Every structure is written in structure tokens, then in C-alpha cells.
Amino acid sequence: MSYYDIDDILADASKFPCRFNYDIPGLGYLEGNAGKEIRKNAKVELPLWLARILAIVGGDAGLNDEDALPFVELMQPEMFSPKVLNAIKSGPVTLDVHSINSHFYALAIKWATLFNDRDLIEVLNYMLLERCQEINNHASSVQLENVGRGGSQGTFMLTLDEFEKVLYKDSHESCKDTKKWVIRK
Amino acid sequence: MSLPWKLRETFSPEEIQFMVENEPIKIFPRFTTKPSVRGAARGGSAPSAQPRWKLLTANDTPLNNLVAIQTTQVALWIALLLKQQGKCSIVAPEWLRLAQLQKHIDYELKNTERFSDLPWNWLVVAQLLFSKAADDLHDPVHLLRGKVQDLREIRLGKIGQGLKHLNESHLQLDNLSLLEINELRPFVLGVMNKLKQVHGSVSEDQPDE
């Protein structure tokens, strides 16, 4: 998760639902009507890179720190709703993470950092461990006739999130190279 | 970057082979390089006329004192080069025998929680000797191959079991060989790094919200 990390930049571009706490003139383009003001309690979907900052800095922070309300309030997105968390708890391996969000892990970590969300972390930990077993199984089953042209891997591969894809690719390459070395001898 | 992405965080199997080839192994030379004292005394210029081994990365004294049919220790890469030319036969290590391998297999099957203490380079040495020095082994090579494959599969199964206990802090892998570790490295590091990120994202001292 570094500054130049493409996957991190793409993850930061995902939209999160936010509610504005102030009337702000000129910001209407966030809602789609440029030139107008944005109203208090307007619900807008903002990319995380913007929402994260606006949810921290506030209006009159200099005057009275205690009551300083940030510009926006982040609302719980669909991808971390109890419905999704229950689905994860019931069966991480059969879950289609890619359709929930293709950067699920990265966003979950960012979300947990913002809100210090222990429950989410527990679920995420369980999910990662369960799914990585399956990824390892798929990565280490190298079919000899498919070495080189990469055969089809079935439906589980279609449910991987971007981090899991990188993990799968790396470990698959490693297993493939080792196997190639062993049979070449 | 100047280093290909595949090699940035791990070794390729060929690099593992390169490391293993630096280990010493016993050989039976089939020629003599040791200068005979009598010849040197009589001829005078005989030792200097004979080409000598001059090595920078390996010890060259044993090579300059080879006596046919007397075992000596040289680096594996030299042994393989000599073997290729038919100038020596390689003495297989103790553990590369059917009885020894069977003992390791029994140990592996009996102790499901740990790995048997094979040398760190067992898989690579076995593969190298099977392909390049098959006629020097004490037992038929197809039987040895079978035992090595058995061992590899038992250990792979245990590795699969061990991966269920991955966590964010540590992992103990006693007696796992270099090639096996190298095969696992991208996967285990990827998962453990992510688990570490996941755990690092909540701080202990802050209260729950």
C-alpha cells in the first residue's frame, strides 16, 4: 500500500456513500449539478480518497474542537453490511468476493483503520485464512499438459479479489517453476 | 526494474540448484593428478609441465592430489563436471539408500506433526544424482525415485496441513528443505503480510467504536 501502488490507487477510487453536514456553496458538481451549492444532509457517493479526508477535517475546527463536525459523515457501505458479513461467516470459500468489490481486502483494511472496527477485522482474518487454503490448492495443482498455456481453472478463480489474484499468480508461478525443474531433470 | 519481477523476492529453482552445487560430495576419481615424488625428483621439470587446478571459489588441493580409486571430497559442481567426462564416480550420500529413505518415510508417517531430518538439500541432490549419476547409486534408480517421490508427497501433504495455522506473527518450519521452502515462499509471505496488515489496521489502545 504505497503511494505509487496501482492497486491501491484503484481501490481508493471506489465510491462510498456520504452525508454532508454543512451547506457548502460551489460544491454542487459532486452531486452532478455544477455551479449550485450542496445542501446539508445531501447524500453523495464520494471516492474514498476524497471521503476519507472530508470525514476527518471539519468546518469550524479552529474555534471549538469539541463540537467540530467533519464536512461529511461516512455511512456504512453495502459491502460491509451485516448481510455481507454473515455471508462471509457462513462460507468464505463459496462467496463471490469479486462481485462484492474487486478490492475487498484493501478497502476493508482501510475501513477498519478509519473506524477501528474489530468485528470486521475478525471476519476478514477468518475469510483470508479459509480462502487462502483454497487458493493454495488451486495454485499447487499444476497439470503438466497445461504448463505454459494455462488451462481453465473453474469457477473459484472467477470469484477472486485483486489481492487474491496476485497471490494466486505468484504461488502458481512458483509451483509451476519448481515442477518444471523437477521433471526437466 | 533491472531484476525481473519473478526473482525480486525469491530464488528460481535453478538458483537453488546453483547453491546446492557448492556443497562438498565424495567421489572416486578414475585418474591421478598427484605428482609422483619419484618422477619429480628425476625429471625436475615434470610438476610444472603438468597443468594444475587453480580455483578461487573452491579448495583446489584435493583436486591436485587425486589418486585413482581413493575417495576424496570435492564441490558437487566439479564432481558433476568430472562425472560427465567419465573421470570419476560419485559416492551417493548415506541417506540416499532405499533403507534410509524408508526409515525417513516411516518417521514421516508416524509423526504427523513434524518433518524428518533430511538434509536441507535432499530434493535437489537426489534429482541431480538421479539424472547425472544414476549408475553410481547403490540401489536401482527407479526404486529410489519412487521413495523420493513418496517422501515429497507426504511432506507436501503436511505442508498443506500446516498452512491452516498461518498467522500474522510467526511460523516454525523445522527440517523443511530449501526447495520446499522456496516453493512456498510467495504464498506464505503473501498471506502473512496481508494478515499482518489486517491486524495492524486496528490499534489496541483505542477503544472500540
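# Close-up views of chains A and B

**Figure 1. The stretch 4–56 of chain A mixes helix and strand.** Over residues 4–56 of chain A, 26% is helix and 21% is strand. The C-alpha atoms at its two ends lie 23 Å apart. Helices (H or I, at least four residues) and strands (E, at least two) are DSSP runs, numbered from the N terminus. UniProt, in an unreviewed entry, lists these residues as "domain: DNA replication complex GINS protein PSF3 N-terminal". UniProt positions follow the numbering used here, feature names are shortened, and annotations may be inferred rather than shown by experiment. The model is predicted: local features need pLDDT of at least 70, side-chain atom pairs count only at pLDDT 80 or more, and totals for chains, interfaces and linings use all residues. Residues are numbered from 1 along each chain as its sequence is written, chains are lettered from A and ligands numbered from 1 in the order in which they are written, and side-chain values use heavy atoms, leaving out hydrogens and water.

**Figure 2. Two domains of chain A meet.** The domain assignment gives domain 1 (6–74) and domain 2 (78–184). These bounds come from an automatic or database assignment. Domain 1 of chain A brings 11 residues to the contact, and domain 2 brings 10 residues. Contact means heavy atoms within 4.5 Å. The buried area between the two domains is about 870 Å². Carbon and sulfur atoms give 74% of that area. Buried area is the accessible area (1.4 Å probe) that two parts lose on being put together, summed over both.

**Figure 3. Helices α6 and α7 of chain A cross.** Helix α6(A) spans residues 118–140, and helix α7(A) spans residues 162–184. Their axes come within 9 Å and cross at roughly 35 degrees. Axes are lines fitted to C-alpha atoms, for helices over the stretch in contact, and angles run from 0 to 180 degrees between N-to-C directions. Residues in the contact include A:Leu128 and A:Ile135 from α6(A), and A:Phe163 and A:Leu167 from α7(A). By class, this contact has 7 nonpolar, 4 polar and 2 charged residues. Ala, Val, Leu, Ile, Met, Phe, Trp, Tyr, Cys and Pro count as nonpolar, Asp, Glu, Lys and Arg as charged, and the others, Gly among them, as polar.

**Figure 4. Helices α8 and α9 of chain B cross.** The axes of α8(B) (residues 141–162) and α9(B) (residues 178–200) come within 12 Å. They cross at roughly 40 degrees. B:Arg152, B:Arg155, B:Leu156 and B:Ile159 of α8(B) meet B:Glu180, B:Glu183 and B:Leu184 of α9(B). The contact has 3 nonpolar, no polar and 4 charged residues.
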